[in-house]
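Colleague: Could you walk me through this model and tell me what stands behind each label you use?
Modeller: Gladly, here it is.

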Amino acid sequence: KHGIAARAEFKKDLDKIMKFAKRSLNVKYFQDANPVMVSAVEVRKYYDENKNSPQLMKAPGGTKSSVVMFPDHAKADAFVEQAKTLGFDKAAQEAGLKVKDLGMITKQSYEVEGPIREAILAVKSYPMVEMVMISDKSYAVINVQSFKNPEYVSFEEVKEGIENFLK
């Protein structure tokens with residue numbers, strides 16, 4: 001009545017929908033004519049090998065950390081001692097230092113300098129304050145606060161989708 005179907009945008013969107021529908025039907029009828037069997041073992045193997053993908057994670061987990069940078073070893077070392085006595089945040093506040101919150105650090109946290117990331121990931125006891133040498137003229141004092149394991153979508157929730165994907 002209003003000529004909507006004659007508009008170019010309508011025809012373009014309709015064409016996209018028709019192409020998608022045709023492709024979906026092609027897949028459906030091809031799969032019906034050529035059934036593929038995927039074993040439960042293959043589905044579970046895929047899940048286990050790809051757990052760390054964003055699609056299978058509820059929360060990535062990681063090590064909660066923050067850092068303060070220093071131009072030399074002596075200042076960084078003195079801050080470590082003060083942080084162990086007063087606590088990291090209070091020592092930084094009293095010294096007028098800027099604390100950078102690094103958030104949750106994982107192996108994939110490439111925005112954090114390598115030596116800092118590696119030192120944080122090596123910590124096994126929390127909380128921990130530690131000095132890290134970045135270069136001859138740059139030191140970091142890291143405050144490693146806690147560790148949280150990643151949370152995954154349960155296998156039961158995704159097994160049917162994985163099976164369809166593998167097919």
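Modeller: Keep in mind that this is a predicted model. Let me begin with a helix pair: Phe 79, Gln 82, Ala 83 and Leu 86 in α3 meet Phe 88, Lys 90, Ala 91, Ala 92 and Glu 94 in α4. Sorted by class, this contact of α3 with α4 holds six nonpolar, one polar and two charged residues.

Colleague: Why are α3 and α4 called oblique to each other?
Modeller: The axes of α3 (residues 73-86) and α4 (residues 88-95) cross at roughly 125° and come within 7 Å. Angles of 65 to 115 degrees count as roughly perpendicular and those over 145 as roughly antiparallel. The crossing of roughly 125° fits neither range, and therefore the pair is oblique. As for handedness, α3 passes α4 in a right-handed crossing.

Colleague: What makes α2 and α6 roughly perpendicular?
Modeller: Their angle is about 110°, with the axes 9 Å apart. Since 65 to 115 degrees is the range for roughly perpendicular, α2 and α6 therefore earn that name. From α2, the contact takes Glu 42, Val 43, Arg 44, Tyr 46 and Tyr 47; from α6 (residues 155-166), it takes Phe 155, Val 158, Lys 159, Ile 162, Glu 163, Phe 165 and Leu 166. These residues divide into eight nonpolar, no polar and four charged.

Colleague: What makes Glu 49 and Lys 45 a salt bridge?
Modeller: The distance from N to O is 3.9 Å, and the cut-off asks for a side-chain nitrogen of Lys or Arg within 4 Å of a carboxyl oxygen of Asp or Glu. The pair therefore qualifies. Glu 49 and Lys 45 are four residues apart in α2 (residues 40-49), which means they are separated by about one helical turn. A search of the whole structure finds nine salt bridges.

Colleague: Now the sheet. Why do β3 and β4 count as its edges?
Modeller: The four strands form an open sheet in the order β3-β2-β5-β4, with antiparallel pairing. β3 (100-105) and β4 (128-135) each have a single partner strand, so one side of each is left without a neighbour in the sheet. On average, neighbouring strands here are turned by 30° against each other, direction ignored.

Colleague: How do you know that β2 and β5 are paired?
Modeller: Pairing requires at least two bridges, and β2 (residues 62-70) shares nine with β5 (residues 138-148), in the antiparallel sense. The two strands are therefore paired. For example, Phe 70 has Tyr 139 in β5 as its bridge partner.

Colleague: And what joins β4 to β5?
Modeller: Seven bridges do, and the strands run antiparallel. The requirement is at least two bridges, so this pair meets it too. Glu 130 stands opposite Ile 142 in β5. β4 and β5 form a hairpin, with two residues between them.

Colleague: Which strands does α3 lie across?
Modeller: α3 lies across β2, β4 and β5, and runs at about 170° to β4. With over 145 degrees counting as roughly antiparallel, the directions of α3 and β4 are therefore roughly antiparallel. α4 also packs on the sheet, where it touches β2, β4 and β5, and its direction makes about 25° with that of β2.

Colleague: One last item: where is Pro 127 found?
Modeller: Pro 127 is in the loop between α5 (114-122) and β4. The peptide bond from Tyr 126 to Pro 127 is cis, with omega near -10°.

How values were computed:
Residues numbered from 1 in each chain as written. Predicted model: local features only at pLDDT ≥ 70, side-chain atom pairs only at ≥ 80, totals over all residues. Heavy atoms only, no water. Axes fitted to C-alpha atoms, helices over the stretch in contact; angles between N-to-C directions. Parallel < 35°, antiparallel > 145°, perpendicular 65-115°, else oblique. Left-handed = near helix turned anticlockwise from the far one by under 90°. Contact = heavy atoms within 4.5 Å. Nonpolar A, V, L, I, M, F, W, Y, C, P; charged D, E, K, R; others polar.
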